[in-house]
Amino acid sequence: MVLNLQTPVGNNFLKDWPGQNAVNCDLIDDYAGPCLTSHPIQTYTPALTASTANPVLGTSSTLVGMYYEIFDQIYTWGEFRFGTAASIGSGIYEISLPFRAKSLVGQGPSSSFTSPPSVGNAVVFDESIDSGRQPALTVLRNLDKLSFLVRMGTAGASRAVSHNIPIVWTGAPSPADGVMWSARYQREP
Amino acid sequence: MGTTVTTNLGLIKPDGSESIKENLPTFDGWASQNEDNMDKIDSLFRDDVVNSYVVNWTASAVNPTLGATGFTEGKYIRFMPRMVAVFFRIFTGGIGFVAGTGLYRINLPLAVDPAFAAFSHTVPIGKASFNDASAALTSSVFLAIYSPASSLLFFRPSAGGTWDNAVPVAPGQNDRLAGYVLYPTAVP
């Protein structure tokens, strides 16, 4: 991001300087927006989807999304937990972002860094037993969605959280199993 | 003669050619106004003081007791300006250390934004490492999680569960925990 603040040059800069400063003040102010002074934490409704068939959260489930915007940096937190009569869907679980990400750093055929970029932390929450509540990594699945990676067994490998990884999801007693996450990324433009 | 201010930050904008003049009875002059702007921008972007706070390491049943030379330490800094970065560490110390019983937790230096009360249980806000002085294999990477119900910080070991006097291993003398969290406060 470039603010293009005006720098005085030439023989008459003292004459021009107040006007240039007024422009600079506006540029800085526009860029900052209200985030540095009055902006409260914002809420949004994340969409929970899956790569094959979307899950349905069910009755008395939870779905929370929050973000704090500092310039083009987004700090976001959220959770979903299944409720009764939930449908766990099929495939890798995905969570929508509050704003489209600017880029998937390093991801692409020309890059040696082909794993999805890590942008935060998560917990796979097993409601029934504390030992089943395990850490996960929050990653950018694409420019619009997050997904989660968990450590698998003793082999050290990691896999994406999905309808059958790493736990058998249940929705009762509601709210039951789910994921809590945090992430930080750069938004468009 | 006069000035206007910007919408969000309240930066003073010079108003015409007279604004570069020095102090007048009804006008501070642009040099002084510019100084005000610099201070305002500076304070909004970052508190330049690294603050200290007392880390209270407690347990849900019986609190642990630090041994000889044991200590806890906490530092934090504000930026942008509602966000807080906190760094903490615990050294259990030598002779005299008692692990206590129950789930371990520590306090935070500043209140988390009350909007986090919307979370049904906990939310991850940082990471920590646990170093077992007697056995490297039982050292662990922890997830630092905030509990809105208690306003305290808990930890989940890499294999799951919650850090306590037995999981992932009973802490002993000269063990260490060090980590960070990042979270928003309600007001700058």
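This is a conversation between a student and a tutor about a predicted model with chains A and B.

Student: What should I know about the model and its numbering before we start?

Tutor: The model is predicted, so I keep to its cut-offs: local features need pLDDT of at least 70, side-chain atom pairs count only at pLDDT 80 or more, and totals for chains, interfaces and linings use all residues. Residues are numbered from 1 along each chain as its sequence is written, while chains are lettered from A and ligands numbered from 1 in the order in which they are written.

Student: What are the confidence values for chain B and for the model?

Tutor: pLDDT is the predictor's confidence in each residue, from 0 to 100. Chain B has a mean pLDDT of 89, with 89% of its residues at 70 or more. For the model, ipTM is 0.84 and pTM is 0.85.

Student: What makes a stretch count as a helix or a strand?

Tutor: Both are DSSP runs, numbered from the N terminus: a helix is H or I with at least four residues, and a strand is E with at least two. By that rule chain A has one helix and 10 strands, and chain B has one helix and 11 strands.

Student: Where does the helix come in the pattern of each chain?

Tutor: Chain A reads α-β-β-β-β-β-β-β-β-β-β. Chain B reads β-β-α-β-β-β-β-β-β-β-β-β.

Student: Why is A:Tyr93 called buried?

Tutor: A residue is buried if 20 or more other C-beta atoms lie within 10 Å of its own, exposed if 12 or fewer, and partly exposed in between, with C-beta atoms placed from the backbone. A:Tyr93 has 27 C-beta neighbours inside 10 Å, so this residue counts as buried. A:Tyr93 lies in strand β5 (residues 93-96) of chain A. Across the chains, buried residues make up 42% of the 189 residues in chain A and 34% of the 188 residues in chain B.

Student: Which residues is A:Tyr93 in contact with, leaving aside its neighbours within four places in sequence?

Tutor: Contact means that the C-beta atoms of two residues, placed from the backbone, lie within 7 Å. On that rule the partners of A:Tyr93 are A:Leu48, A:Ala50, A:Ser147, A:Phe148, A:Val161 and A:Ser162. A:Pro55 is 38 residues from A:Tyr93 in sequence, and their C-alpha atoms are 8.4 Å apart.

Student: Why is A:Phe71 called partly exposed?

Tutor: A:Phe71 has 14 other C-beta atoms within 10 Å, so it falls in the partly exposed class. This residue sits in the loop between β3 (62-70) and β4 (73-81) of chain A. Its phi is near 55°, a positive value in a residue other than glycine.

Student: Where are the cis peptide bonds from A:Ala172 to A:Pro173 and between A:Ser174 and A:Pro175?

Tutor: A:Pro173 lies in the loop between β9 (157-160) and β10 (178-186) of chain A, and A:Pro175 is found in the loop between β9 and β10 too. Omega is near -5° for the bond from A:Ala172 to A:Pro173 and about -10° for the one joining A:Ser174 and A:Pro175.

Student: How do you know that β9 and β10 of chain B pair?

Tutor: Two strands pair if DSSP finds at least two bridges between them. Five bridges join strand β9 (residues 140-147) of chain B to β10(B), and the strands run antiparallel. In one of these bridges, B:Leu143 has B:Arg156 as its partner. The two strands form a hairpin with four residues between them. B:Ser151, in the turn, has a positive phi of about 60°, although it is not a glycine. With 15 other C-beta atoms within 10 Å, B:Ser151 is partly exposed.

Student: Why is strand β10 of chain B described as largely enclosed?

Tutor: Four of the five residues of β10 (residues 152-156) of chain B are buried, so the strand is largely enclosed by the rest of the structure.

Student: How many residues of each chain take part in the contact between them?

Tutor: Chain B gives 37 residues and chain A gives 40. On chain B, α1 (30-45), β8 (123-131) and β9 each supply at least two residues of the side that touches chain A. That side has 18 nonpolar, 14 polar and five charged residues. Here Ala, Val, Leu, Ile, Met, Phe, Trp, Tyr, Cys and Pro count as nonpolar, Asp, Glu, Lys and Arg as charged, and the others, Gly among them, as polar.
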